[in-house]
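I opened the notebook to look up how the chain is put together, starting with the sheet and ending with the aromatic rings.

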Amino acid sequence: MSDIRDTRRKPRNNGAVVFMCLAFVFGMGAASYAAVPLYRIFCQVTGYNGTTQRVEQASTVILDRKMRVTFDANVAPGLDWEFKPVEREVNPRIGETIQVNFTAVNKSDQPQRGQAVFNVTPGEAGVYFNKVQCFCFNETVLQPGQKLEMPVVFYIDADIVKAVESKDIHTVTLSYTFYPKEGPKPVASREDGTGKLEKKL
């Protein structure tokens with residue numbers, strides 16, 4: 001008698017399938033989460049998408065040619081602030097380090113915390129727009145009714161006149177948008193005020 005092979009399919013391991021699906025979803029989520037800071041770093045290094053550069057010292061090369069710099073200020077929903085530049089535009093020489101100021105007023109009856117994001121247009125100018133000091137480097141907290149004057153110290157790198165894609169730029173716009181930012185979570189404490197938590201058995 002010849003052997004009869006069992007041609008029936010073996011049942012799939014459902015646990016392994018579920019595990020693979022969960023691993024895939026988790027991996028895609030982690031990749032998406034990591035893409036945001038990586039994209040931001042890429043923009044800061046290359047100036048892509050109008051991202052300005054952060055520098056530690058002022059420029060040492062100043063040209064006779066001037067550059068018109070205009071300013072745009074916006075507030076995202078969820079932040080009850082009035083935010084605007086003190087001057088709508090300046091005309092520094094290329095390479096000249098100057099300071100401009102913005103003001104923000106908290107019109108609400110509660111403390112509010114915000115973080116400013118920024119970009120430069122046209123985008124080709126972003127890599128040459130260097131900030132020495134900026135309120136956008138840190139978050140800002142305003143008390144109810146508080147008005148704050150915030151400086152920005154910057155210069156436009158002289159190399160902007162050498163690159164083919166930027167040598168004909170005569171006006172750049174620095175734009176800011178303040179977004180609400182959630183504050184630090186309060187630390188839970190015991191009724192005795194020691195600030196220590198006891199583990200429950």
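I first fixed what pairing means here: two strands pair if DSSP finds at least two bridges between them. Helices (H or I, at least four residues) and strands (E, at least two) are DSSP runs, and they are numbered from the N terminus. I noted that this is a predicted model, in which local features need pLDDT of at least 70 and side-chain atom pairs count only at pLDDT 80 or more, while totals for chains, interfaces and linings use all residues. Residues are numbered from 1 along each chain as its sequence is written, and side-chain values use heavy atoms, with hydrogens and water left out.

**Entry 1, the chain.** I counted 1 helix and 10 strands, and reading along the sequence I found the helix ahead of the strands, in the pattern α-β-β-β-β-β-β-β-β-β-β. Of the 201 residues, 32% count as buried, where buried means under 20% relative accessible area, exposed means over 50%, and partly exposed lies in between (1.4 Å probe, protein chains only). For contacts, meaning heavy atoms within 4.5 Å, I looked at those with a separation of 6 or more, and residues 24 or more positions apart account for 75% of them.

**Entry 2, the sheet.** In which order do the 5 strands of the open sheet lie? I read the order as β4-β2-β10-β6-β8, with mixed pairing. The edges are β4 (89-90) and β8 (140-142), and each has a single partner strand, so one side of each is left without a neighbour in the sheet.

I then went through the pairings. Strand β2 (residues 68-75) runs parallel to β10 and is joined to β10 by 8 bridges, and one place to find this pairing is T70, whose bridge partner in β10 is T173. On the way to the edge, β2 and β4 run antiparallel with 2 bridges, and V69 stands opposite V90 in β4. At the other end, strand β6 (residues 112-121) and β8 are antiparallel and share 3 bridges, with Q112 opposite L142 in β8.

**Entry 3, T177.** I picked T177 in strand β10 (residues 171-180) and asked whether T177 is buried or exposed. T177 counts as buried, because its relative accessibility is 18%. Leaving out residues up to four places away in sequence, I found that T177 touches N74, A76, Q115, A116 and V117. The C-alpha atoms of T177 and F118 are separated by 6.5 Å, although these residues are 59 residues apart along the chain.

**Entry 4, the rings.** Rings of Phe, Tyr and Trp (its six-membered ring) pair if their centres lie within 6.5 Å, and planes under 30 degrees apart count as stacked, over 60 as edge-to-face and the rest as tilted. By this rule I recorded 12 aromatic pairs. One of them is F102 with Y176, which is edge-to-face at 5.1 Å centre to centre and 75 degrees between the planes. F102 lies in strand β5 (residues 98-106) and Y176 in strand β10, so the pair ties together parts that are 74 residues apart in sequence. F102 is buried at 0% relative accessibility, and Y176 is likewise buried, with a relative accessible area of 0%.

I also noted one aromatic cluster, whose members include F71, W81, F102, F118, Y176 and F178. Which charged residue sits over the ring of F118? I found the charged end of K131 there, 3.5 Å from the ring centre, the rule being that NZ of Lys or CZ of Arg is within 6 Å of the ring centre and within 35 degrees of the ring normal.
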